[in-house]
Amino acid sequence: MNSHPDFASPPPGCPAHQHSGEDAQDQQETEAPVPLYGPEFAASPESYYDYLRQFGPAAPVELSPGVQAMLVTDYTAALHVLQNPERYSKDARRWRDFNEGRVSEDNPAVPMLGYRPNCLFTDGAEHMRLRQAVTDSLARVDTHRLSRHIERVSTYLVGQFAHRGTVDLLHDYAKMLPLLVFNEIFGCPPEIGDRLIYGTSGIFDADADAENANKELTQGLLELVALKRAHPGEDITSWLMQHSAKLTDEEMIHQLVMLISAGTEPERNLIANGLRLVLSDERFSGGRYGGSLLVEDALDEVLWDAPPMANYAPHYPVQDTELFGVPLEAGELVLISFAAANTDPALPSSRHTLSKRAHLGWSAGPHACPAKDPAQLIAVIAIEKLLNQLPDIELAVPVDSLVWRPGPFHRALASLPARFTPCLLHPSDAPDEAREART
């Protein structure tokens, strides 16, 4: 645990400002939960993480009004929680505040935290059964076919705005590309895909109608499962159904919730955050500025410093315990801050170059992301293809003026305006579902 002889001032918007005149000991005793859902946190999460580190490897936060958690900001402590499922359960049915009525079912944080019978919220043999169905189905994806589809979708999307010379890369590219790729690999018709992207986006946003978004997501998945029961194909949804794990329709829906949530909102943020870095940092700017680092290097840096899922991986101590000196109660909600752990001051400054894959951007332990390879492939091709088609593209505003969307879980831009020399592209080989899904 880091030593902080002098407590720093709380970040803007933090209720701990009311204690700013007290000494460090008094602050430790009061420990007002720090809200992570306002625009102040979105604008400067690093200042919040710095402040939280003063209380040890984990500190109290508020994810939405009334939803409190202990946020792990220390890299070693985060690994300890992630790699010890016998001490820290993933089963959200253990969530004490929810069970005792202190968190209502309609709270906007519940769709991201409440129990679902999928491999994200289960332990032991049940987790192994469900995860095996997911990993086996993902393994059947043809990488070459997927790569070609990503390239076609990219060509199609760029063709929609290439003549303008300006674009919001977040909404017109990074958001749309994962949706269209998802429609292909999950065998999802565009009319259902549009509803699923609305649902997944809504449960991530702090100011959205998360309850309604969750209902829309569930209804869309019910329709997709029914469609694939009647008309199976060469897609992940059908392969999940055919797996020897013999998933029920309910289990099917909840595995898909997990996969869609991971494959849309975080993926678009990985692409957008990667583009932000490539277009603003001369190290990644190719021949224009003498940069020599690759897109893969840029994405590694994003996953270290601005991971799309900044704070998640809910866990629950199975009994009262201590996490490196911080007391935790059985059933208390414990979240991992991947962003804070990756930037832990205790880590060596050479962490990026000496151990690129040691970041927690994909989580770690038995619940590490099972789809990191296709997710990385989608992001790499999406960025490279865009840069090849629009070689002089650049940000249209100073990078420091970009606005981040509020929300406790993600690191997500509100927009990413760019400009380039207008040109005419003819995406005649775009897939039919791309043409149908454009908005």
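**Burial and salt bridges**

User: Why is arginine 53 counted as buried?

Analyst: Arginine 53 has 7% relative accessibility, so it counts as buried. The term means under 20% relative accessible area, while exposed means over 50% and partly exposed lies in between (1.4 Å probe, protein chains only). This is a predicted model, in which local features need pLDDT of at least 70, side-chain atom pairs count only at pLDDT 80 or more, and totals for chains, interfaces and linings use all residues. Residues are numbered from 1 along each chain as its sequence is written, and side-chain values use heavy atoms, with hydrogens and water left out.

User: What makes the contact of arginine 53 and aspartate 50 a salt bridge?

Analyst: A salt bridge requires a side-chain nitrogen of Lys or Arg within 4 Å of a carboxyl oxygen of Asp or Glu. Here the N to O distance is 2.7 Å, so the criterion is met. Both residues belong to helix H3 (residues 45-53) and stand 3 residues apart, about one turn of the helix. A helix is a DSSP run (H or I, at least four residues), numbered from the N terminus.

User: Why is aspartate 50 called partly exposed?

Analyst: Its relative accessibility is 45%, and aspartate 50 is therefore classed as partly exposed.

User: How do you know that glutamate 251 and arginine 129 meet in a salt bridge?

Analyst: Their side chains approach to 2.4 Å, N to O. The pair links distant parts of the chain, 122 residues apart: glutamate 251 in helix H14 (residues 249-263) and arginine 129 in helix H7 (residues 124-139). Glutamate 251, at 11%, is buried, whereas arginine 129, at 25%, is partly exposed.

Conventions. Helix = DSSP H or I, 4+ residues; strand = E, 2+ residues; numbered from the N terminus.
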